[in-house]
Amino acid sequence: MRKRTLLATVGLAVTATLAATTQAGAFGSAAGEVLTTGSAGGTAVAVGDVLSASLPTGTKARIATTQGGSTGITCNTSAFTATVTGNPAAPGTATETVTAHTLSSCTTNIIGATGVQSITVNNLPFSTAVVSGGALTVTAGAAGPIQTTLKINSILGLMTCVYRAASLTATPSNTDNSLTFTDQLFTKASGPGTCPANGYFSAKYGPVLDTSQAGSPAVFVN
């Protein structure tokens, strides 16, 4: 009986160890907060810290007129800034407020368009949720829906095209501390008939940095 009890105890210990190891693999760390710096499971990002990221060298932000298409707008410069509002223990959901998002140095190959005057992201701040082992989701804030205003020069004059999105989803990566948006749908809310009906936004931002800390360390999602 004693031998059987001892074997059962060892079996439970092994099972518990395997469960902990599996959880660590899924979320990057068996302990710590959802957002950390230095490494997965490293130093917790403090509530109130400001995170920022821009396009990696050699990449561009694109707004295509069709999903996966090559016609649309290409921007050489883009960046965002967000403030951390919640960072619980992992697994969990961290929250942020997006306070700035810019796109500039843009060109277009839309038929009839001759250039991009400006792209303005409206109704900031937006709300953001980052799930352990999952995606980052951007939703509208109190100021109104996720909205972008495009001013495009055309052979017929200036076109002002306003687009809205219900939400945006990005995939975080701890390999290069990046966030990747792929074909995120915006639909036209207002503008002349020469404005495309839809815009599909794609961009990779990284590394995401905690600019509130010395040396602006990279941010990991656990």
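What share of the 222 residues in the chain is buried?

**Exercise 1. Describe the chain as a whole.**

Solution.
- Step 1. Buried residues make up 38% of the 222 residues.
- Step 2. The model is predicted, so confidence belongs in the description: the mean pLDDT of the chain is 89, and 86% of the residues reach 70 or more.
- Step 3. Mark the stretch to treat separately. Over residues 1-30 pLDDT stays under 50, and the model has 15 contacts for this stretch beyond four places in sequence.
- Step 4. Count the secondary structure, which comes to 1 helix and 16 strands.
- Step 5. Turn to the contacts with a separation of 6 or more: 62% of them are accounted for by residues 24 or more positions apart.

**Exercise 2. Locate the largest cavity and describe its lining.**

Solution.
- Step 1. The structure holds 3 cavities of 30 Å³ or more. About 320 Å³ of space lies in the largest cavity.
- Step 2. Its lining consists of 23 residues. Nearest the centre lie H101, F126, L168, F186 and F201.
- Step 3. Assign the lining to elements. At least two residues each come from several strands, including strand 7 (113-122), strand 8 (126-131), strand 13 (178-190) and strand 14 (198-205). Strand 6 gives the largest share, 4 residues.
- Step 4. Sort the lining by class: 18 residues are nonpolar, 4 polar and 1 charged.

**Exercise 3. Do the same for the second largest cavity.**

Solution.
- Step 1. The space in the second largest cavity is about 140 Å³.
- Step 2. Of its 15 lining residues, L136, L179, V208, V219 and V221 are the closest to the centre.
- Step 3. Strand 12 (168-173), strand 13 and strand 16 (219-221) each supply at least two residues of this lining.
- Step 4. By class, 10 of the lining residues are nonpolar, 4 polar and 1 charged.

**Exercise 4. Which residues touch the most other members of the largest nonpolar core?**

Solution.
- Step 1. The core has 46 residues. Those that touch the most other members are L35, I73, L103, I119, F181, F201 and Y205.
- Step 2. Strand 5 (residues 72-86) contributes the largest share of this core, 5 residues.
- Step 3. Follow one member outward. Leaving aside residues up to four places away in sequence, F181 touches L136, V138, L168, T169, A170, F201, S202, A203 and Y205.
- Step 4. Place this in context: in soluble globular proteins, nonpolar side chains tend to be buried together.

**Exercise 5. N177 and L156 are both loop residues. Is each buried or exposed?**

Solution.
- Step 1. Start with N177, in the loop between strand 12 and strand 13. Its relative accessible area is 10%, so N177 is buried; the cut-off for buried is under 20%.
- Step 2. List the partners of N177, not counting residues up to four places away in sequence: Y205, G206, P207, V208, A218, V219 and F220.
- Step 3. Go on to L156, found in the loop between strand 10 and strand 11 (157-165). The relative accessible area of L156 is 73%, so L156 is exposed; the cut-off for exposed is over 50%.
- Step 4. Set L156 against A113. The two are 43 residues apart in sequence, while their C-alpha to C-alpha distance is 8.6 Å.

How values were computed:
Residues are numbered from 1 along each chain as its sequence is written. This is a predicted model: local features need pLDDT of at least 70, side-chain atom pairs count only at pLDDT 80 or more; totals for chains, interfaces and linings use all residues. Side-chain values use heavy atoms; hydrogens and water are left out. On a 1 Å grid over the protein atoms alone, a cavity is a set of points where a 1.4 Å probe fits but cannot get out, and a pocket is an open set with protein on both sides within 12 Å along at least five of seven lines; lining residues have an atom within 4 Å of a point. Grid points are joined across faces, edges and corners, and a volume is the space filled by probe spheres set on the points. Ala, Val, Leu, Ile, Met, Phe, Trp, Tyr, Cys and Pro count as nonpolar, Asp, Glu, Lys and Arg as charged, and the others, Gly among them, as polar. A nonpolar core is a set of buried Ala, Val, Leu, Ile, Met, Phe, Trp, Tyr and Cys residues joined through side-chain atoms within 4.5 Å. Buried means under 20% relative accessible area, exposed over 50%, partly exposed in between (1.4 Å probe, protein chains only). Contact means heavy atoms within 4.5 Å. pLDDT is the predictor's confidence in each residue, from 0 to 100.
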